[in-house]
Number of protein chains: 2
Amino acid sequence: MNVSIINIGDELLIGQVVNTNASSMSRQLIAAGMDVREVVTIADNGEAIRSTLDRCLTHSDVVLLTGGLGPTKDDITKNTLCEYFNSELVENAEALANVKRLFEEKGYPLTEVNRHQAWVPRCCTVVNNILGTAPCMWFEIAETHQVVVSMPGVPFEMNNLMESEVVPRLRQYFHTDFILNKNILVQGIGESFLSDRIEQWELSLPSNIRLAYLPEAGMVKLRLTARGSDKNILQEQINQAVETLYPLIDQYIAGEDLENLAALVAQQMTANRYTLATAESCTGGTLAARLTALPGASIYFKGGIVAYSNAVKESLLGVSHATLEAHGAVSEETVRQMAEGARHRLGTDYALATSGIAGPTGGTADKPVGTVWIAAASPKRTMTICKHFGNDRLRTIDRTTNEAYSMLIKLMREH
Amino acid sequence: MNVSIINIGDELLIGQVVNTNASSMSRQLIAAGMDVREVVTIADNGEAIRSTLDRCLTHSDVVLLTGGLGPTKDDITKNTLCEYFNSELVENAEALANVKRLFEEKGYPLTEVNRHQAWVPRCCTVVNNILGTAPCMWFEIAETHQVVVSMPGVPFEMNNLMESEVVPRLRQYFHTDFILNKNILVQGIGESFLSDRIEQWELSLPSNIRLAYLPEAGMVKLRLTARGSDKNILQEQINQAVETLYPLIDQYIAGEDLENLAALVAQQMTANRYTLATAESCTGGTLAARLTALPGASIYFKGGIVAYSNAVKESLLGVSHATLEAHGAVSEETVRQMAEGARHRLGTDYALATSGIAGPTGGTADKPVGTVWIAAASPKRTMTICKHFGNDRLRTIDRTTNEAYSMLIKLMREH
């Protein structure tokens, strides 16, 4: 059983908005044992919607559409679907009650434009969207046992609908294979060397297990995907595969079932009851923000200082004025004092510090844009490193953050 | 002239990686006056690649592919394209020199797997990818004057190729319309009320100008897109449209040509030569990170404190122990002292502070998960607000951040 996703919206197609809906929908479908055949992004254009729907229905059991359900003129999905299914728009009592409730809660008057949100094609089943005014519409094509669902494009409305309504209804309507995914985080070995090392192992995997390499900043994620009718057998197969993988790359395996380096930091910190502080210049809060985005961060993360100006580096982190004068803010000496200052002043076991020139301006001949110093301090020692990450500001912030997490993971292993 | 984008990769289709390539490619194409017809995401699957390419070539002048060019077994794009164009793989001298250089720079030995990266279909033109080992391959279909380009899926390699090679070559190969985009940031009015107010204006726009509503956290972006052969006429039309829009919604227009609230904060801070500090608990560094992600932040942003623990709220921000005891960390009193403490200790004109329960745990009957206090302090006064953002941790962080920026923008207007 497979699903196609059609994300509708000019804002997606011109790249003004990153399409996060596609990935969150896919994750939910995959976890429920459904295959995603393709994801298509098209404009708010009736002809494009019709022809893409036609095509997706030739190869998919289910087509999920998002977007184009707002009250404004550029939103045409509802009218297009109404024509597509030869239906007519009628006011839906449940949808109208929902729209009224939402406006009452906000204390706004209900206008004609808003009231029109409650009109839906007569042939569909309305799935109530408690978080927004656009109803979710469920269409069944009886002859072919296919389903088309139209959802709003607002991410949190769509996610709530998928989780609480659409996926459970699809599970009920279709009967699907179980899917088990297993992630192994590998660090300190490049993708091609890794591939050489585990080639024979990969070839020996059962045919219902697929391996994917997912390279990310500072690491490679190996993902095993097993598919079959018996969940226990799949679990057994995955366990077996992981067990035979360890002897081949033991020293490079950083963890299992973790999404990224921040999650690995969180796991190691929490498991060892360590505490952490951050002192950030060029990363500007990103080191702290990625860690605190994960639930449970308050167990190990005590706090951080974003020391963007030299005055703040001195007053809040205790970096010496002489050091800043002699070596500058982007230097080994400064970043070392930042890390040790943060560790000391926030009273933590570990601390991370960054100072660099993210650009696009501020570079010199000695220290070109992209020059970054990073320090990681433990109870035993302070490790420092200098990197040159080039001209892209956001990429420099991203790579500095991942490099700092990598250093911290290494330092924790020394303990 | 229009372009289709095919993003290839199991990791995209199962949602493990958000497809940011699509949006960054689209932005570059649109800015160069090209239309994006559709974006398709498919698996590392030969049949899917062939059939999607077939179809996209029925409606598009150019098809850009990303992904599936790594050295591992799951990467099959190159072989599939070689068959598709009835060609054969040959070693390319320029690509080999590039691979060798990259390995020498890193000090790694060149393996057979890596060397194979330099093999390409004989019929293509190699576009050198100086940032990675996978060559970019340019195919021309002479009879139909169509172009197919295959690029690596690693975002920074792809972005560099698009900017420095692919887009310029496409501009040379095709002759395209000019496109002008204009964004107006609207704040403090809902999408449907806005739509009611400007309906007549929208209907009166010239037929070559399109309006889109892009609602985002805390605001609505209005985007005008003009297309035509004469850049000066387009600019004139856009100016005219904007001029007639102002009288209709003057009090709600927050700025022009800004991507988000962080950019608006940056613009207002810089234009007025104000300075800013942040004191964050539940947003954990996000307030600072989004501002410092924008170039030039060091002009107005002095620094911030991520005060995740109560001890840090006391020691670094001067929140009184008695206040924390009496009212708790998530309270009007605490967040007010955090903002004023940050403003005072970092010596800035303005300061923002957040304290809340992002969840998923930590809520109480009095203060359920999602309860957030926000403060904005100016030289004149401190403004506070309490919000209830619900159970989604990342959404609460996001909405708190945008609400804080909104408060700061309001406070700056009082000056």
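B:N7 stands opposite B:T66 in β3(B), and that pairing is a handy way into this predicted model. From there we can work outwards through the sheet, then across to the other chain, and finish with a few backbone oddities.

## Around strand β3 of chain B

The contact just mentioned belongs to a parallel pairing: strand β1 (residues 2–8) of chain B is joined to β3(B) by five bridges. On its other pairing, β3(B) runs parallel to strand β8 (residues 146–151) of chain B, again over five bridges. There, B:V62 has B:V147 in β8(B) opposite it.

Is β3(B) enclosed or open to the outside? Five of the five residues in this strand (residues 62–66) are buried, so the rest of the structure largely encloses it. Burial here takes 20 or more other C-beta atoms within 10 Å of a residue's own. The side chains split between two directions: B:V62, B:L64 and B:T66 point one way, B:V63 and B:L65 the other, and all are buried.

Chain A has a matching piece to look at. Strand β1 (residues 2–8) of chain A pairs with strand β3 (residues 62–66) of chain A in the parallel sense, over five bridges. Within that pairing, A:I6 has A:L65 in β3(A) as its bridge partner.

## A sheet shared by two chains

Now zoom out. These strands sit in an open sheet of twelve strands with mixed pairing, in the order β6(A)-β7(A)-β8(A)-β3(A)-β1(A)-β2(A)-β2(B)-β1(B)-β3(B)-β8(B)-β7(B)-β6(B). At the edges you'll find β6 (125–127) of chain A and β6 (125–127) of chain B, each pairing on one side only. Ignoring direction, neighbouring strands in this sheet are turned by 20° against each other on average.

A helix crosses the chain A part. Helix α7 (residues 155–173) of chain A lies across β3, β6, β7 (136–141) and β8 (146–151) of that chain, and runs at about 170° to β8(A).

The chains pair up elsewhere too. Strand β14 (residues 301–307) of chain A and strand β14 (residues 301–307) of chain B run antiparallel, joined by five bridges. One spot to check in the viewer is A:G303, which stands opposite B:A307 in β14(B).

## How the chains meet

How many residues of chain A are in contact with chain B? The count is 69 residues of chain A against 69 residues of chain B. Helix α2 (residues 20–31) of chain A gives the most to the chain A side, with eight residues. Sorted by class, that side has 33 nonpolar, 22 polar and 14 charged residues.

What about symmetry? A turn of 180° and a shift of 0.1 Å along the axis lay chain A on chain B with an RMSD of 0.1 Å. That is the relation of a two-fold axis. The interface fits in with this picture: 100% of the interface residues of chain A are interface residues in chain B as well, so the copies meet through the same surface.

## Domains of chain A

The domain assignment splits chain A into domain 1 (2–173), domain 2 (178–256) and domain 3 (261–414). Between the C-alpha centres of domain 1 and domain 2 of chain A there are 36 Å.

## Backbone oddities

Two kinds of unusual backbone geometry turn up, and the table gathers them by residue.

| Residue | Feature | Value |
|---|---|---|
| A:P360 | cis peptide bond from A:G359 | omega near 5° |
| B:P360 | cis peptide bond from B:G359 | omega about 5° |
| A:N86 | positive phi, not a glycine | phi near 50° |
| B:N86 | positive phi, not a glycine | phi near 50° |

Where do the prolines sit? A:P360 is in the loop between β15 (350–356) and β16 (371–377) of chain A. B:P360 is found in the loop between β15 (350–356) and β16 (371–377) of chain B.

The asparagines are in loops as well. A:N86 lies between α4 (77–84) and β4 (89–91) of chain A, and B:N86 lies between α4 (77–84) and β4 (89–91) of chain B. Why does A:N86 count as exposed? A:N86 has 8 C-beta neighbours inside 10 Å, and a residue is exposed if that number is 12 or fewer. B:N86, with 8 C-beta neighbours inside 10 Å, counts as exposed too.

Key: Residues are numbered from 1 along each chain as its sequence is written. Chains are lettered from A and ligands numbered from 1 in the order in which they are written. This is a predicted model: local features need pLDDT of at least 70, side-chain atom pairs count only at pLDDT 80 or more; totals for chains, interfaces and linings use all residues. Two residues are in contact if their C-beta atoms, placed from the backbone, lie within 7 Å. Helices (H or I, at least four residues) and strands (E, at least two) are DSSP runs, numbered from the N terminus. Ala, Val, Leu, Ile, Met, Phe, Trp, Tyr, Cys and Pro count as nonpolar, Asp, Glu, Lys and Arg as charged, and the others, Gly among them, as polar. Two strands pair if DSSP finds at least two bridges between them. Domain bounds come from an automatic or database domain assignment. Copies are superposed by least squares on the C-alpha atoms of residues with pLDDT of at least 70 in both. Axes are lines fitted to C-alpha atoms, for helices over the stretch in contact, and angles run from 0 to 180 degrees between N-to-C directions.
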